[in-house]
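User: Could you take a close look at the nonpolar interior of this model for me, and then at the aromatic pairs? I would like the cut-offs spelled out as you go.

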Amino acid sequence: MRIAGRKVTIRTIAIYVIVIAVTLIMLMPFAWMLSASLKLSRDVFAFPIEWIPSEPQWQNYVDIWTKIPLALFIYNTSKLTIIVTLLQLLTSSFAAYAFAKLNFPYKNTLFLGYIATIAMPWQVYMVPQFLLMREFGLNNTHLALICLQAFTAFGVFLMRQFYMSIPTELCEAARIDGMNEYQIWARIMLPLSKPALSTLTIFTFVTTWNDFLGPMIYLTKTELKTVQIGLRMFISQYSAEYGLIMAASVVALIPVLVVFLVLQRFFVEGIASTGLKG
């Protein structure tokens, strides 16, 4: 088969069909959530599914701001997410530079030991962390979550793999020109690592924004809660306002979508380049 002068094989057509089918399956939950956000709670789970509500309940998007302090929850989540993301970018890129471009005793051993912590589930050391934060008097503070999430072994691994693909000769030339290690990191490594930084930004932003268990453990005051915890306030002992939950979920999804769309052009490049050299 030829289309516009190009030969199209059955295998190519099959691949496109599979990709489109998988894409539709992946998008279906989001379409259902958007549809449910415009329904009354009693109609959310009606079957067959009414994808386009005959009587859209736009009032749901008004009520979510009055039934709970959603604006406050979004502010708290944004504050935590931005601070944690910036700190992880700083600490991960700084540590990764040392592991990738500096020579010091037991460098590889320390790196492997640090990366090995990725294999340990957070639930294993969740209780000791909580006891430690309580001893520091950081319960019911955003600082507890910031301190616990400011460092990440995954971020160090991601950035280190990218730095390994940058020629060491650049650093050596900079040292000859009189730059110290801090200047090399800030003026050479960071500008060259935009794809990796963008990738880490997306991962960190999404993880922190969607974090549920951490805020649930450390934050009990309403004025400190994040949006993921705040959504539970639509659920009472005997009922749940599913239409409002879905409307608030759509609103909570917008910042994540915006960040991904802004940085997505670096995302694939960053993922691909981190595995070039290790």
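Analyst: Happy to help; here is a walk from the core to the aromatic rings, with the overall chain in between.

A note on conventions before we start: this is a predicted model, in which local features need pLDDT of at least 70 and side-chain atom pairs count only at pLDDT 80 or more, while totals for chains, interfaces and linings use all residues. Residues are numbered from 1 along each chain as its sequence is written, and side-chain values use heavy atoms, with hydrogens and water left out.

Let's begin with the core. A nonpolar core here is a set of buried Ala, Val, Leu, Ile, Met, Phe, Trp, Tyr and Cys residues joined through side-chain atoms within 4.5 Å. Buried means under 20% relative accessible area, exposed means over 50%, and partly exposed is in between, using a 1.4 Å probe and protein chains only. The largest such core has 27 residues, and the members that touch the most others are Tyr61, Ile64, Leu70, Trp209, Val227 and Phe234. Two or more residues each come from helix H1 (10-36), helix H2 (60-67), helix H3 (70-101), helix H10 (194-209) and helix H13 (242-273). H13 gives the largest share of this core, eleven residues. Helices are DSSP runs of H or I with at least four residues, strands are runs of E with at least two, and both are numbered from the N terminus.

Isoleucine 64 is a good place to zoom in. Leaving aside residues up to four places away in sequence, Ile64 touches Leu70, Phe234, Leu244, Ala247, Ala248 and Val251; contact means heavy atoms within 4.5 Å. A second core, separate from this one, has 19 residues, among them Met159, Cys171, Ile184 and Trp185. Cysteine 171 counts as buried because its relative accessibility is 0%, whereas cysteine 147 is partly exposed at 38%. No disulfides, that is, pairs of cysteine sulfur atoms within 2.5 Å, turn up in the whole structure.

Helix H6 (residues 142-149) has its own buried residues: His142, Ala144, Leu145, Ile146 and Gln149. Their cover includes H3, helix H5 (122-135), H10 and helix H11 (213-218).

Stepping back to the chain, there are 13 helices and two strands. Buried residues make up 40% of the 278 residues. Among contacts between residues at least 6 apart in sequence, 74% join residues at least 24 apart.

Now the aromatic rings. Rings of Phe, Tyr and Trp (its six-membered ring) pair if their centres lie within 6.5 Å; planes under 30 degrees apart count as stacked, over 60 as edge-to-face and the rest as tilted. The whole structure holds nine such pairs. Tryptophan 32 and phenylalanine 45 make a tilted pair, 6.0 Å centre to centre with 35° between the planes. Tryptophan 32 sits in helix H1 and phenylalanine 45 in the loop between H1 and H2, 13 residues apart. Phenylalanine 45 is exposed, at 53% relative accessible area. Phenylalanine 94 and tyrosine 182 are stacked instead, at 5.8 Å and 20°. Because phenylalanine 94 lies in helix H3 and tyrosine 182 in helix H9 (residues 181-192), this pair ties together parts 88 residues apart in sequence. Phenylalanine 94 is partly exposed at 36%, while tyrosine 182 is exposed at 58%. Finally, Trp32, Phe45 and Tyr242 form one aromatic cluster.
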